[in-house]
Amino acid sequence: QNSFTVCFSVGYSAVALNHVIDFKEKKQEIVKPTSPSELFPSLPIVQGTSKRIKVLTRLTLIVSDPSHCNLLRSTSANIRLYDIIAVFPKTEKLFHIACTTLDVDLVCINVTEKLPFYFRRPPVNMAIDRGIYFELLYTPAIKDSTMRRYTISNAISLMQICKGKNIVISSAAERPLELRGPYDVANLGLLFGLSEGEAKAAVSTNCRAAMLHGETRKSACGVVYTVKKPRKVEEEETAVPACKKAKTQA
Amino acid sequence: MVRFKNRYVLCEVVSEDPRCRQCIEDRALGLAVRDAIARVHGDYGLACCSISFTVKYLNAYTGTVLLRCRKDSYRLLCSALPFVRHLESRAQRYPCCLNTLHVGGTIRTCQKFLIQYNRTQLLRLLQNCTNEEERQCIQKSLLSCSLTEEQSQSGDEEEDDGTE
């Protein structure tokens, strides 16, 4: 819970809680996500604006076998309760399936060991077209030196294929001190081979787009976000007839 | 025109241990940052960044740090700052992390940013205030923020931030 208070003070406006499901064990049931209101009585306010922080729930599936993917197609009610669904493919075939046909929002890229497969261009391009984002974790890089090497080499090989598009950088922080502010995470993106604008987007706009993709998936069609704009047009229209009236009277 | 251009990086030290605040000092922080650069960028990175590297300003109450480096190597410095994990001083290790706030070309721009940032922090403290006297203190210091006398004011008022 401390990690959340640090998040809020550092300037994040939305946080996603992750539940990890590993399929190596038998008979894993998809657990209902704990609703955020159970964890905090009142959500603190984002620093700098007057809105409250959004807490989303997220499910990560570690798949090492094609039969595990059937779970996603089943109409289990619990899956619908999660806002964002991510998949962690372990083999090349699964990576291909995840990019092309699976109904997910994020594809996690392993950073803790050397990738057993190379990225190929066709599935990556299809994923970009479908609006799926690739996710990189940065907390192992902070903790350990060998993980740092794997993180950077995997990240750079991903960059070379996808040209820096559709990347999301996130932390798998378990303790509050492993969390870093958004400016710092964008600087880490520079280490991974992103350009400066892409790195900032990886922290801000791409994340928001992944969130909207999750909402689209829930509602089964497109999502349109409307923003309230001050209604200046109406005032002008009402002003004009008054002037006309004045002229006719004078 | 021949002039050495510097970049000033404004950071904030975030830690859970309240004793860590008291032993933030410029040498310990400089060593921790250099160590992180050496781990991430190696000997080349350390050599590049330490051409004109100093800790220019340090505020132990709020944990604000201002670092200076050359303009050519500020990216190396900024990308190594997330890897600072602990501060060592007087044979004690305190886990902490550095949060980058602002990068500027002159000390004056960093100071202006720091004033605005402190103002927002004081506003946040005002919301969490329980005591009426503290509330009045904070309101008084908010109203008297200015470029010259901000630093002494924020040093006094942020003490309750350090003890929270």
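Begin with chain A selected on its own and its surface switched on: this chain exposes about 14000 Å², and carbon and sulfur atoms supply 56% of that area. Keep in mind throughout that the model is predicted. With the surface hidden and a cartoon drawn instead, the secondary structure of chain A comes to twelve helices and six strands. Colouring by burial picks out 43% of the 250 residues in chain A as buried. If contacts are drawn between residues of chain A at least 6 apart in sequence, 76% of them join residues at least 24 apart.

**Chain A: the parallel strands**

Select next residues 133–137 of chain A, which form strand β5. This strand is mostly covered, with four of its five residues buried. On one pairing, β5(A) meets strand β4 (residues 106–108) of chain A in the parallel sense, over three bridges, and within that pairing L106(A) has Y133(A) as its bridge partner. Adding helix α6 (residues 121–130) of chain A to the selection completes a right-handed β-α-β unit, made of β4(A), α6(A) and β5(A).

The other pairing to display is that of β5(A) with strand β6 (residues 167–170) of chain A, again in the parallel sense and over four bridges. Here, L136(A) is the residue that stands opposite I169(A) in β6(A).

**The nonpolar cores**

Which residues touch the most other members of the largest nonpolar core? Show F95(A) and F134(A) as sticks, for these two hold that place among the 73 residues of the core. To see which element gives the most to this core, move to chain B and select helix α2 (residues 26–49), which contributes seven residues.

Returning to F134(A), display its surroundings: leaving aside residues up to four places away in sequence, F134(A) touches F95(A), C99(A), V107(A), I109(A), V124(A), A127(A), L158(A), N166(A), I167(A) and V168(A). A second core, separate from the largest one, has eleven residues, among them L56(A), L106(A), Y133(A) and A210(A). L106(A) and Y133(A) are thus a pair met earlier, as bridge partners. As background to both cores, nonpolar side chains in soluble globular proteins tend to be buried together.

**Chain B: the antiparallel sheet**

Now isolate chain B, which has seven helices and six strands. Followed along the sequence, its elements give the pattern β-α-α-β-β-α-β-β-β-α-α-α-α. Of the 164 residues of chain B, 49% count as buried, and the chain exposes about 9000 Å², of which carbon and sulfur atoms supply 48%. Among its contacts with a separation of 6 or more, residues 24 or more positions apart account for 69%.

Four strands of chain B should then be selected together, since they form an open sheet in the order β2-β3-β1-β6, with antiparallel pairing. At the edges stand β2 (54–59) and β6 (97–104) of chain B, each having a single partner strand, so one side of each is left without a neighbour in the sheet. Viewed along the sheet, the twist averages 25° from one strand to the next.

For a detail of the pairing, zoom in on strand β1 (residues 6–14) of chain B and β6(B), which pair in the antiparallel sense over seven bridges; in β6(B), V103(B) is the bridge partner of V9(B).

Finish by bringing α2(B) back into view over this sheet. The helix lies across β1, β2, β3 (64–70) and β6 of chain B, and runs at about 145° to β2(B); it is also the helix that gives seven residues to the largest nonpolar core.

Key. Residues numbered from 1 in each chain as written. Chains lettered and ligands numbered in written order. Predicted model: local features only at pLDDT ≥ 70, side-chain atom pairs only at ≥ 80, totals over all residues. Heavy atoms only, no water. Core = buried A, V, L, I, M, F, W, Y, C linked by side-chain atoms within 4.5 Å. Buried < 20%, exposed > 50% of the residue type's maximum accessible area, 1.4 Å probe, protein only. Helix = DSSP H or I, 4+ residues; strand = E, 2+ residues; numbered from the N terminus. Contact = heavy atoms within 4.5 Å. Pairing = 2+ DSSP bridges. Axes fitted to C-alpha atoms, helices over the stretch in contact; angles between N-to-C directions. Right-handed = clockwise from strand over helix to strand, strands pointing away. Areas by Shrake-Rupley, 256 points an atom, 1.4 Å probe, with all protein chains shown as cover.
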